[in-house]
Amino acid sequence: MSPPIDTNALARPEFLPDPDRSREEMESLQRELAAAATFADDLDFTPAEIAIDEAADRSTGLPPARSEPTGDLDPDAPVVVGIDQAFRPERDEAISAAVAIRDGCVIEYADAVTPLSIPYVPGLLAFREGEPILAALEALSVEPDLLVCDGSGRIHFRQAGIATHVGVIRDLPSVGVAKRLLCGEPDEPVGERPEGWSTAIRADDSVERVGGDVDDADADPDAGPPVIGHAYQSRQYPNSRRVNPLYVSPGHRASAETTVELVAALCAGYKLPEPTRLADAHADRVKRRLDGDG
DNA sequence: GCGACAG
DNA sequence: ATCTTGTCGC
């Protein structure tokens with residue numbers, strides 16, 4: 001009999017986010033991480049293969065009842081894992097939730113509760129939330145094919161946002177989905193835009209250049225600063241208040257262009273992609289249960 | 001010194 | 001992120 005394979009083994013443990021580091025050490029680790037990251041496609045599936053067309057119920061994670069009783073789910077479809085967190089400020093704890101989705105349906109929920117060691121500092125988010133996220137991923141029994149993180153990836157001062165950090169540590173394709181822009185400059189102004197619209201986010205003076213940039217088509221100086229992500233209008237209302245776009249960026253093993261397509265395929269009528277929505281809901285449930293217990 | 005900044 | 005109620009509009 002063959003020994004069980006630990007699919008949760010860390011590929012790059014040297015990048016583990018250790019909060020006992022100085023700001024300078026954290027920043028230099030991020031530079032190494034960005035150099036180790038791949039901002040080009042290295043996936044064995046297409047956006048179409050992970051597409052989700054019906055939004056699940058937030059509390060049950062189940063598809064709508066009106067959904068056709070289709071045949072069996074495809075057991076070979078890629079597994080997309082959404083990750084999100086909730087907090088208990090009074091106890092200084094983070095609740096991390098990971099939701100695994102295959103063929104549009106939730107196949108597993110996992111979560112972890114971790115003490116928070118450092119405060120939130122823009123640009124150093126992974127050192128606050130990285131450990132909790134990795135703990136939730138380890139609690140998962142399925143092996144992810146794609147990670148969808150709540151926050152930036154390449155859209156980051158050192159091109160090593162939380163999606164990149166987690167993606168590189170696990171050596172898994174990952175994308176970052178942020179609700180607000182950390183840095184960089186949109187090609188076109190982000191005004192009232194129709195659903196499906198997107199524009200490139202390019203590095204500005206606050207973004208350090210990394211070795212990976214030379215692999216970009218944008219390495220050509222005439223082409224302007226490298227594209228580090230996109231603003232993507234995942235949802236818009238016809239006659240109502242404007243919805244802000246999402247800011248999506250490569251974490252690891254995905255190009256900026258493919259990242260938009262992956263996120264677009266994972267959106268099913270809400271502003272946030274389904275994996276993120278459901279992870280958010282799960283984190284909320286765990287938090288409420290914990291608050292109820294005391 | 002001022003500005004600016006994911007969750 | 002979290003603390004929090006109602007409220008404006010489709």
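R88, R91, E93, K287 and D291 are linked in a network of salt bridges, a salt bridge being a side-chain nitrogen of Lys or Arg within 4 Å of a carboxyl oxygen of Asp or Glu. The model is predicted, and local features need pLDDT of at least 70, side-chain atom pairs count only at pLDDT 80 or more, and totals for chains, interfaces and linings use all residues. Residues are numbered from 1 along each chain as its sequence is written, chains are lettered from A and ligands numbered from 1 in the order in which they are written, and side-chain values use heavy atoms, with hydrogens and water left out.

The structure holds 17 salt bridges. Within the network, the side chains of R91 and E93 are paired at 3.8 Å, N to O. R91 is partly exposed at 44% relative accessibility, whereas E93 is buried at 15%; buried means under 20% relative accessible area, exposed over 50%, and partly exposed in between, with a 1.4 Å probe and protein chains only.

A salt bridge also joins D171 and R253, at 3.6 Å from N to O. This pair links distant parts of the chain, 82 residues apart: D171 is in the loop between α3 and β5 (174-178), and R253 is in the loop between β9 and α4. Helices (H or I, at least four residues) and strands (E, at least two) are DSSP runs numbered from the N terminus. D171 is partly exposed, with a relative accessible area of 35%, while R253 is buried at 18%. R253 is not a glycine, yet has a positive phi of about 60°. D103, likewise not a glycine, has a positive phi of about 55°. D103 is found in the loop between β2 (93-102) and β3 (105-115) and is partly exposed at 36% relative accessibility.

D187 and R202 form a salt bridge at 3.0 Å, N to O. D187 lies in the loop between β6 (185-186) and β7 (198-202) and R202 in strand β7, so the pair ties together parts that are 15 residues apart in sequence. D187 is partly exposed at 43% relative accessibility; R202 is buried at 17%.

E129, located in helix α2 (residues 125-138), is buried but has no salt bridge, and the nearest side chain of opposite charge, R128, is 4.5 Å away. Lys and Arg count as positive and Asp and Glu as negative, while His and the chain ends are not counted. Leaving aside neighbours within four places in sequence, E129 is in contact (heavy atoms within 4.5 Å) with Q85, F87 and I162. In helix α4 (residues 256-266), eight of the eleven residues are buried, so the helix is largely enclosed by the rest of the structure.

DNA strand B is surrounded by 18 residues, the closest being Y120, G123, D150, K179 and R180; a residue is near a strand if one of its heavy atoms lies within 4 Å of it. Of the strand B atoms within 4 Å of the protein, 52% belong to sugar or phosphate and the rest to bases. A base nitrogen of DNA strand B is 3.1 Å from a polar backbone atom of G123, and a base nitrogen is 3.1 Å from a polar backbone atom of L125. A sugar or linking oxygen of the strand is 3.0 Å from an N or O atom in the D150 side chain.

F157 lies in the loop between β4 (146-150) and α3 (162-170) and is partly exposed, with a relative accessible area of 21%. Leaving aside neighbours within four places in sequence, the contacts of F157 include P122, G123 and L182.

Key:
Polar contact = N/O pair within 3.5 Å; in protein donor to acceptor, adjacent residues only side chain to side chain.
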